[in-house]
Amino acid sequence: RVYERRGAGADLARVLEVRREECQSAEERRDILVRLARLYDDAVRDPASAHRCYCALAVEAPDDEQVRRRVVDLSRETGLAAEGAQALARAAELAQTPQDQRDGWLEAGRLWRSAGDVTAAERCMRDAYSVAPDDAALALEPAEELVGLIDAASRPADLVEALRRCVALEN
């Protein structure tokens, strides 16, 4: 708190980075990552470092929607979409609920698409769809995203199958 009062955010960030490297407990590591991410975001105004911390935090707290949202925003702001996509895909693998799994894969796929990696985007959308392929509430959005990716890739046979999935989910 002394650093914060003095406006020495960069100094505090260095201290917290060292503490993070030394901490043993996952809970303490998460707490330090939260402080670091907010510090880089707000006080230090270092979006690339904030992005790095939020990406690490997404893996440490894979069910946190706000963290996922911040990873997406910073990924786009910093041009680090591929790094954000990797973190969100890893978080999706670790998420506890189908909704969080689906959301992680979906956002990872969108980031891959914005990074220009259509193959990785499609793989993530397929993973998002496969979380609950019979649940329209969870599967329809990734199914529709797959239609767009497959259509853009000009693969008519795959497009027919993807459209069938969407129609089945909508009925």
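A residue is called exposed when its relative accessible area is over 50%, and buried when that area is under 20%. Ser 154 has a relative accessibility of 58% and therefore counts as exposed. The model discussed here is a predicted one.

**Overall architecture**

The protein contains 10 helices and zero strands. Read along the sequence, its pattern is accordingly α-α-α-α-α-α-α-α-α-α. Along its principal axes, the C-alpha trace spans about 60 × 30 × 20 Å. Of the 171 residues, 43% count as buried. Among contacts with a separation of 6 or more, 50% are made by residues 24 or more positions apart.

The protein exposes about 9100 Å², and carbon and sulfur atoms supply 47% of this area. The protein carries 25 positive and 34 negative charges, and the mean positions of the two sets are 5 Å apart.

**The nonpolar core and helix α5**

In soluble globular proteins, nonpolar side chains tend to be buried together. In this model, the largest nonpolar core has 49 residues. The residues with the most contacts inside this core are Leu 36, Tyr 54, Val 71 and Leu 88.

Which residues does Leu 88 contact, leaving aside its neighbours within four places in sequence? They are Ala 58, Arg 68, Val 71, Val 72, Gly 104, Glu 107, Ala 108 and Leu 111. Among these partners, Arg 68, Val 71 and Val 72 are also buried residues of α5.

Helix α5 covers residues 65–78 and has 14 residues. From its first C-alpha to its last, helix α5 reaches 20 Å, close to the 20 Å expected at 1.5 Å a residue. Its buried residues are Val 67, Arg 68, Val 71, Val 72, Leu 74 and Ser 75. An α-helix has 3.6 residues a turn, so residues three or four places apart point the same way. The elements that cover the buried residues of α5 include α3, α4 (47–60), α6 (81–94) and α7 (98–115).

**Cys 23 and Ile 32**

Cys 23 is placed in the loop between α2 (9–22) and α3 (26–43). Is Cys 23 buried or exposed? Cys 23 counts as buried, because its relative accessibility of 10% falls under the 20% limit. Not counting residues up to four places away in sequence, Cys 23 touches Glu 28, Arg 29 and Ile 32.

Ile 32 itself lies in helix α3. With a relative accessible area of 3%, Ile 32 is buried. Beyond residues up to four places away in sequence, Ile 32 touches Leu 16, Arg 19, Arg 20 and Cys 23. Ile 32 and Leu 57 are 25 residues apart in sequence, yet their C-alpha atoms are 9.5 Å apart in space.

**Two loop residues with positive phi**

Most residues other than glycine have a negative phi. Two residues of this model, Arg 45 and Ser 154, have a positive value. The table sets out their places and values.

| Residue | Phi | Loop | Relative accessibility |
|---|---|---|---|
| Arg 45 | near 55° | between α3 and α4 | 64% |
| Ser 154 | near 55° | between α9 (136–152) and α10 (156–170) | 58% |

Arg 45 counts as exposed, and Ser 154 likewise counts as exposed. Cys 23, by contrast, is a loop residue that counts as buried.

Terms used
Residues are numbered from 1 along each chain as its sequence is written. This is a predicted model: local features need pLDDT of at least 70, side-chain atom pairs count only at pLDDT 80 or more; totals for chains, interfaces and linings use all residues. Side-chain values use heavy atoms; hydrogens and water are left out. Helices (H or I, at least four residues) and strands (E, at least two) are DSSP runs, numbered from the N terminus. Buried means under 20% relative accessible area, exposed over 50%, partly exposed in between (1.4 Å probe, protein chains only). Contact means heavy atoms within 4.5 Å. Accessible areas come from the Shrake-Rupley method with a 1.4 Å probe; for residues, only the protein chains shown count as cover. Lys and Arg count as positive and Asp and Glu as negative; His and the chain ends are not counted. The place of a charge is taken as NZ of Lys, CZ of Arg, CG of Asp or CD of Glu. A nonpolar core is a set of buried Ala, Val, Leu, Ile, Met, Phe, Trp, Tyr and Cys residues joined through side-chain atoms within 4.5 Å. The expected span of a helix is 1.5 Å times one less than its number of residues.
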